[in-house]
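User: Could you walk me through a protein structure and show me how each label is earned? I am new to this.

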Amino acid sequence: MSFKQQVVIDCRGHLLGRLSSVIAKELLNGQHVVCVRAEDVVISGSLYRNKLKYAAFKKKTMNSNPRHTGAIKHHRAPAKILWRTVRGMVPHKTARGGAAMDRLKTFEGIPHPFDRKKRMVVPSCLKVLRLRPERRFCRLGD
């Protein structure tokens, strides 16, 4: 991607991990990124398998005191899941990584200022190009 003031990415039909890695790299390079339609991001694997994996993730608590369930936030919203996935690929505890995460915005749907802007597609992350047709998949909004 060439450097612009702000890049708006239409997440519909993109694979979650591949898209997150591209977004993380752009953020670390200093690019402002806005992700719209996060509910249409695709995860490979069946819905049942991904539900089991996310249920195991939600079950995790703080090890020093497992009763403090509020210490770890397990977001359910698709935009927050995408944000958390990108955060896992950015050194967010450093000043550089924190500044990179401040340059990211994620939304479900297409809110007002971005509905009139040009939305980008990342071909290296598209499901139709990367996932074989017989493979199972599910959307983040399911």
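Analyst: Happy to help; we will take the labels one by one and set each value against its definition. This is a predicted model, in which local features need pLDDT of at least 70 and side-chain atom pairs count only at pLDDT 80 or more, while totals for chains, interfaces and linings use all residues. Residues are numbered from 1 along each chain as its sequence is written, and side-chain values use heavy atoms, with hydrogens and water left out.

User: How do you know how many helices and strands the chain has?

Analyst: Helices are DSSP runs of H or I with at least four residues, strands are runs of E with at least two, and both are numbered from the N terminus. Counted that way, the chain has 5 helices and 5 strands. Their order along the sequence is β-α-β-β-α-α-α-β-α-β.

User: Why does the radius of gyration agree with that of a compact globule?

Analyst: The radius is taken over C-alpha atoms, and the globule rule is 2.2 Å times the number of residues to the power 0.38. For 142 residues a compact globule would come out near 14 Å, and the chain has 16 Å, so the two agree. The C-alpha trace spans about 45 × 45 × 25 Å along its principal axes.

User: Why is Cys125 called buried?

Analyst: Buried means under 20% relative accessible area, exposed means over 50%, and partly exposed lies in between (1.4 Å probe, protein chains only). Cys125 has 0%, so Cys125 is buried. Cys138 is buried too, because its value is 4%. Over the whole chain, buried residues make up 34% of the 142.

User: How many disulfides are there, and how do you know?

Analyst: A disulfide is a covalent bond between the sulfur atoms of two cysteines. The rule here asks for a pair of cysteine sulfur atoms within 2.5 Å, and by this rule the count is 0. Cys125 is in no disulfide: its nearest cysteine sulfur, in Cys11, is 9.7 Å away. For Cys138 the closest cysteine sulfur is also that of Cys11, at 15 Å, so the distance is too far for a bond.

User: What makes Arg119 partly exposed?

Analyst: Arg119 has 30% relative accessibility, so Arg119 counts as partly exposed. Arg119 is in the loop between β4 (104–106) and α5 (127–130). Pro111 lies in the loop between β4 and α5 as well, and its 23% makes Pro111 partly exposed.

User: Which residues does Arg119 contact?

Analyst: Contact means heavy atoms within 4.5 Å. Leaving aside neighbours within four places in sequence, Arg119 touches Val8, Asp10, Val36, Ile110 and Phe114. Arg119 and Val8 are 111 residues apart in sequence, yet their C-alpha atoms are 5.0 Å apart in space. Across the chain, 79% of the contacts with a separation of 6 or more join residues 24 or more positions apart.

User: What is the phi of Arg37, and where is Arg37 found?

Analyst: Most residues other than glycine have a negative phi. Arg37 is a residue other than glycine with a positive phi, near 55°. Arg37 sits in the loop between β2 (33–36) and β3 (42–44), and its relative accessible area of 24% makes Arg37 partly exposed.

User: Why is Ala77 called partly exposed?

Analyst: Ala77 has 33% relative accessibility, so Ala77 counts as partly exposed. Ala77 is in the loop between α2 (47–59) and α3 (78–87). Ala77 and Glu108 are 31 residues apart along the chain, with their C-alpha atoms separated by 8.4 Å.
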